[in-house]
Amino acid sequence: MAKIEVEAGRCKGCGLCAANCPKKIVHLGKTTNQSGYTVAEQTDEAQCTGCAMCAVICPDMAISVYR
Ligand code: SF4
Ligand code: SF4
């Protein structure tokens, strides 16, 4: 079990993190940031392995992983 945090101001809603999470537990959420982009969020901490694929793939370095 691990947790990710998405820094909302950096996220541009590209969905790369969601597409590359092996557990498919990252999705574009319901909140938008000040630029109007939909912010990614993790939906199931219990399934997260802490692999950091989401953080590595993010072009804007918006994701931090906490193991
Ligand atoms: S890859 Fe980064 S910028 Fe793209 S949706 Fe995920 S957190 Fe946002
Ligand atoms: S750390 Fe790995 S399992 Fe956890 S949300 Fe990111 S890509 Fe998915």
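In this predicted model, strands E2 and E3 run antiparallel and are joined by four bridges. One of the pairings can be followed residue by residue, since Leu28 has Ala40 as its bridge partner in E3. The two strands form a hairpin with five residues between them, and within that turn Gly36 has a positive phi of about 90 degrees.

A second pairing involves strand E1, residues 3-6, and strand E4, residues 63-66, which also lie antiparallel and share four bridges. Here Val6 is matched with Ile63, its bridge partner in E4. Which side chains of E1 are buried, and which are not? The side chains alternate along the strand, so that Ile4 and Val6 point to one face and are buried, whereas Lys3 and Glu5 point to the other face and are not buried.

On the partner strand, Ser64 lies in E4 and counts as exposed because it has 12 C-beta neighbours inside 10 Å, and a residue with 12 or fewer is placed in that class. Leaving aside residues up to four places away in sequence, Ser64 touches Ile4, Glu5 and Ala55. Its C-alpha atom is separated by 18 Å from that of Thr31, a residue 33 places away along the chain.

Ala8 offers another example of how sequence and space can be read together. This residue lies in the loop between E1 and H1, and because it has 17 C-beta neighbours inside 10 Å, Ala8 counts as partly exposed. Ala8 and Asn33 are 25 residues apart in sequence, and their C-alpha atoms are 5.9 Å apart in space. When residues up to four places away in sequence are not counted, Ala8 touches Asn33 and Val39.

Two loop residues deserve attention for their backbone angles. Most residues other than glycine have a negative phi. Lys24, although it is not a glycine, has a positive phi of about 55 degrees, and this residue is found in the loop between helix H1 (16-20) and strand E2 (26-32). Ala52, also not a glycine, has a positive phi of about 70 degrees, and it lies in the loop between strand E3 (38-42) and helix H2 (53-57). How exposed or buried are these residues? Lys24 counts as exposed because it has 12 C-beta neighbours inside 10 Å, while Ala52 counts as partly exposed because it has 15 such neighbours inside 10 Å.

The neighbour counts of four residues discussed above are set out here.

| Residue | C-beta neighbours inside 10 Å | Class |
|---|---|---|
| Lys24 | 12 neighbours | exposed |
| Ala52 | 15 neighbours | partly exposed |
| Ser64 | 12 neighbours | exposed |
| Ala8 | 17 neighbours | partly exposed |

The model also holds ligands, and the residues around each of them can be described in turn. Around ligand 1 there are 14 residues, of which Cys11, Cys14, Leu16, Cys17 and Cys58 come nearest. Sorted by class, the shell around ligand 1 has ten nonpolar, two polar and two charged residues. Around ligand 2 there are 16 residues, and those that come nearest are Cys21, Cys48, Cys51, Met53 and Cys54. What classes of residue make up the shell around ligand 2? This shell has twelve nonpolar, three polar and one charged residues.

How values were computed: Residues numbered from 1 in each chain as written. Chains lettered and ligands numbered in written order. Predicted model: local features only at pLDDT ≥ 70, side-chain atom pairs only at ≥ 80, totals over all residues. Near = placed C-beta within 6 Å. Nonpolar A, V, L, I, M, F, W, Y, C, P; charged D, E, K, R; others polar. Buried ≥ 20, exposed ≤ 12 C-beta atoms within 10 Å, placed from the backbone. Pairing = 2+ DSSP bridges. Contact = placed C-beta atoms within 7 Å.
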